[in-house]
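Work through the exercises below with the sequence and the 3D structure open. Try each task before reading its solution.

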Amino acid sequence: MKTLVLVEHDNMNMKDATLAVVTAASQLGEVHALVIGSGCASVGEQAAKVAGVATVHVADDVALANQLAENAAPLIASLMESHDAFLAPATTTGKNIAPRVAALLDVMQISDILSVESEDTFTRPIYAGNAIATVKSSDAKKVITVRGTAFDKAATEGGSASIDTVGGAADAGLSTFVSEEIAKSERPELTSAKIIVSGGRALGSSEKFEEVITPLADKLGAGIGASRAAVDAGYVPNDYQVGQTGKIVAPEVYIAIGISGAIQHLAGMKDSKIIVAINKDEDAPIFQVADIGLVADLFDAVPELTGKV
Amino acid sequence: MKILVPVKRVIDYNVKPRVKSDGSGVDLANVKMSMNPFDEISVEEAIRLKEAGKAEEIIAVSVGPQKAQETLRTALAMGADRAILVMTDDEVEPLAVAKILAKIVAEEAPQLVITGKQAIDDDSNQTGQMLAALLGWGQGTFANEVEIDGDSISVKREIDGGLQTVKLGLPAVVTTDLRLNEPRYASLPNIMKAKKKPMDEKTPADYDVDIAPRLTTITVAEPPVRQAGEKVEDVDALVAKLKAVGAI
Ligand SMILES: Cc1cc2nc3c(=O)[nH]c(=O)nc-3n(C[C@H](O)[C@H](O)[C@H](O)COP(=O)(O)OP(=O)(O)OC[C@H]3O[C@@H](n4cnc5c(N)ncnc54)[C@H](O)[C@@H]3O)c2cc1C
Ligand SMILES: Cc1cc2nc3c(=O)[nH]c(=O)nc-3n(C[C@H](O)[C@H](O)[C@H](O)COP(=O)(O)OP(=O)(O)OC[C@H]3O[C@@H](n4cnc5c(N)ncnc54)[C@H](O)[C@@H]3O)c2cc1C
């Protein structure tokens, strides 16, 4: 089987999210990577070094600069004439593009896979991860998004794939990119951070969040996450949200502070290796999944912890 | 212009789903069902556009069992004008839902379709994007803010690194994210009024759409359960424990 993997990137750097998809694809067959973008040649070179990648296709065109789904999907659909499976990371980019490709191919997408059981059978979480479905696809071509935390990352060195260029991109004339507000931060990205410090509604304000959570995260070199309640209340930006409808994370250590542990939140972090919870309510559901729990007022305990680590 | 809002009946978000012991699925017998929360956000947004004078009519549609009527009545009580129930007891995958919706779009000619970004049961996150592809329309997924300006719509999208704004020509498909708005509750008088609003009943066959599933669910299993660990006395004990397990 020949697979086509959508490379996640920003026209300069390949993102880590790509690497788990390469691993998933290699369990299906030969891995071809696809870079769509504009001025993205260096990404093609990075992808060619990833262990296990046989060929890199680079589609470099101004119409693809922001990877708009309307322009990307027809190109990917045409490449699928010579590939058997399309795999994208379950990032906002992948989730935007893959279903559009699937519909163009008249294929039912398999979302957010956790494992490859065989060429046509996969497991995927449903009901916020409270159930795991094993599904078998009868479609000739497969369109799949891959949960990044469920597969090991392929090595970024060791590969020596050939690179070819793909033409034929066009502006579908349906959408235009206007602007982007991307927070620049020295902090590790949530989906690749080894440690995450996450704050909930209990923080009470963005000032308190900054005052209590940030120093601990700085001390630990950690990424910062949040519950939906903390995001909705405006303590932190949207992309901090961990959960069923936010980011799915599985760091070495996840420290939940003032978070109750609603099923939607647990869905995003319960595969973390070690879960630490600090909550003043000893019956908070978060303690049912926490390896280490501390019943305490976070406004006392967290600054003390920051001082002692 | 008309706005079409697909709404799905799903398990209530407060209910903890239980896997059936025979591994055939999740037990939905006697479980509270509600409108998919993202679809409440879609209905709300459509109503706000209507209140702002940008839209004249809101049509809610649901594909599902007879009971999906209740979900449509909720949409009508919130402020949708009429409803279409495409009745089926079979499982309908996002691709088939999108095909049915595409046929309804052809009949009703809305300028905007607002779907939820994902349904909280199957968590597929596909239907809106598939519909946009089938119609050859632009798609503004994971919307945080929308603004209609003449014959185009600006959609601010929640993406992994932050926010992105795209401009789409109308007609278009928008899928809603959590921060787009806070849905209203239906008032009692509006719930009463909703009972009189028109609801068409159709079947997938009326739209000549093949809904045969492409995916077969072989089993549905419980995820591995995580055991609760231990509680520590104080911060010193926490630090010691973190060091002991090599976390810091
Ligand atoms: C469609 C939908 C999607 C959703 N998606 C997500 C999602 O992706 N991610 C997500 O997180 N949520 C999601 N939610 C929301 C979820 O249901 C919960 O409402 C949310 O996770 C609660 O956030 P919280 O734990 O911060 O707040 P709360 O539940 O209010 O918990 C606050 C906790 O802080 C504790 N506390 C209070 N004061 C202190 C103190 N001084 N010191 C220590 N502890 C204190 C309390 O005991 C309590 O346990 C979703 C909901 C819906 C309907
Ligand atoms: C009786 C019955 C049993 C089923 N059993 C199974 C089963 O065992 N396994 C299985 O995989 N699937 C089953 N399904 C199908 C499943 O419930 C979904 O309809 C389908 O998989 C869509 O996935 P999703 O809701 O996650 O789509 P998403 O793409 O996540 O949905 C996004 C948005 O699309 C719109 N939308 C989606 N579905 C509908 C709809 N039906 N009507 C109106 N708008 C909609 C909504 O706006 C929603 O917010 C069953 C359906 C029925 C009616």
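The exercises that follow deal with a predicted model, taking the chains, then two residues, then the two ligands.

**Exercise 1. Describe the fold of chain A in numbers: its elements, its dimensions and its burial.**

Solution. Start with secondary structure: chain A contains 8 helices and 16 strands. Next, take the extent of the C-alpha trace, which is about 60 × 40 × 40 Å along the principal axes of chain A. Then compare the radius of gyration with the globule rule: a compact globule of 309 residues would have a value near 19 Å, and the 21 Å of chain A agrees with that. For burial, 58% of the 309 residues in chain A are buried. The contact pattern comes next: of the contacts in chain A with a separation of 6 or more, 66% are between residues 24 or more positions apart. Last, the surface: chain A exposes about 11,300 Å², and 48% of this comes from carbon and sulfur atoms.

**Exercise 2. Do the accounting for chain B: how many helices and strands does chain B have, and what percentage of its residues count as buried?**

Solution. Chain B has 6 helices and 13 strands. Its C-alpha trace spans about 65 × 45 × 40 Å along the principal axes. Of its 248 residues, 54% count as buried. Among contacts in chain B between residues at least 6 apart in sequence, those joining residues at least 24 apart make up 70%. The exposed area of chain B is about 10,800 Å², with 49% supplied by carbon and sulfur atoms.

**Exercise 3. Place Thr214(A) in chain A and decide: buried or exposed?**

Solution. First locate the residue: Thr214(A) sits in helix α5 of chain A, which runs over residues 206-220. Now apply the cut-off: a residue is buried when its relative accessible area is under 20%. Thr214(A) has 10% relative accessibility, so Thr214(A) counts as buried. Finally, list its contacts, leaving out residues up to four places away in sequence: Thr214(A) touches Arg187(A), Phe209(A) and Ile224(A).

**Exercise 4. Classify Lys50(B) by accessibility, then find which side chain makes a polar contact with its side chain.**

Solution. Lys50(B) belongs to helix α1 of chain B. The class between buried and exposed, called partly exposed, covers values from 20% to 50%. Lys50(B) is at 29% relative accessibility and therefore counts as partly exposed. Setting aside neighbours within four places in sequence, Lys50(B) is in contact with Ala55(B), Glu56(B), Ile58(B) and Asp81(B). The side chain of Asp81(B) makes a polar contact with that of Lys50(B), at 2.8 Å. As a check on the fold here, the C-alpha atoms of Lys50(B) and Ala80(B) are 9.6 Å apart, although 30 residues separate the two in sequence.

**Exercise 5. Where does ligand 1 lie, and which residues come nearest?**

Solution. Begin with position: ligand 1 lies between chains A and B. Of the 29 residues around ligand 1, the nearest are Arg201(A), Ser227(A), Gln241(A), Thr245(A) and Ser260(A). By class, this shell has 12 nonpolar, 12 polar and 5 charged residues. Four elements each supply at least two shell residues: α6 (228-232), α7 (263-269) and α8 (298-308) of chain A, and α1 (37-51) of chain B.

Now pick out distances to oxygen atoms of ligand 1. A polar side-chain atom of His265(A) is 2.7 Å from one. A backbone N or O atom of Gln244(A) is at 3.2 Å, and a polar backbone atom of Gly246(A) is at 3.4 Å. On its own, ligand 1 has 990 Å² of accessible area, and the protein covers 86% of it.

**Exercise 6. Analyse the surroundings of ligand 2: which residues come nearest, and which element gives the most to the shell?**

Solution. Of the 28 residues around ligand 2, Lys8(B), Asp39(B), Val63(B), Gln126(B) and Thr127(B) come nearest. The shell divides into 9 nonpolar, 10 polar and 9 charged residues.

For distances to oxygen atoms of ligand 2, polar side-chain atoms of Asp39(B) and Asn36(B) lie at 2.4 Å and 3.0 Å. A backbone N or O atom of Pro6(B) is at 2.9 Å. The protein covers 83% of the 930 Å² of accessible area that ligand 2 has on its own. Two or more shell residues come from each of β4 (57-64), α3 (94-108) and β6 (112-116) of chain B. Of the elements, β4(B) gives the most, with 3 residues.

Methods. Residues are numbered from 1 along each chain as its sequence is written. Chains are lettered from A and ligands numbered from 1 in the order in which they are written. This is a predicted model: local features need pLDDT of at least 70, side-chain atom pairs count only at pLDDT 80 or more; totals for chains, interfaces and linings use all residues. Side-chain values use heavy atoms; hydrogens and water are left out. A residue is near a molecule or strand if one of its heavy atoms lies within 4 Å of it. A polar contact is a pair of N or O atoms within 3.5 Å; within protein, one must be able to donate a hydrogen and the other to accept it, and residues adjacent in sequence count only if both atoms are side-chain atoms. Accessible areas come from the Shrake-Rupley method with a 1.4 Å probe; for residues, only the protein chains shown count as cover. Ala, Val, Leu, Ile, Met, Phe, Trp, Tyr, Cys and Pro count as nonpolar, Asp, Glu, Lys and Arg as charged, and the others, Gly among them, as polar. Buried means under 20% relative accessible area, exposed over 50%, partly exposed in between (1.4 Å probe, protein chains only). Contact means heavy atoms within 4.5 Å. The radius of gyration is taken over C-alpha atoms; the globule rule is 2.2 Å times the number of residues to the power 0.38.
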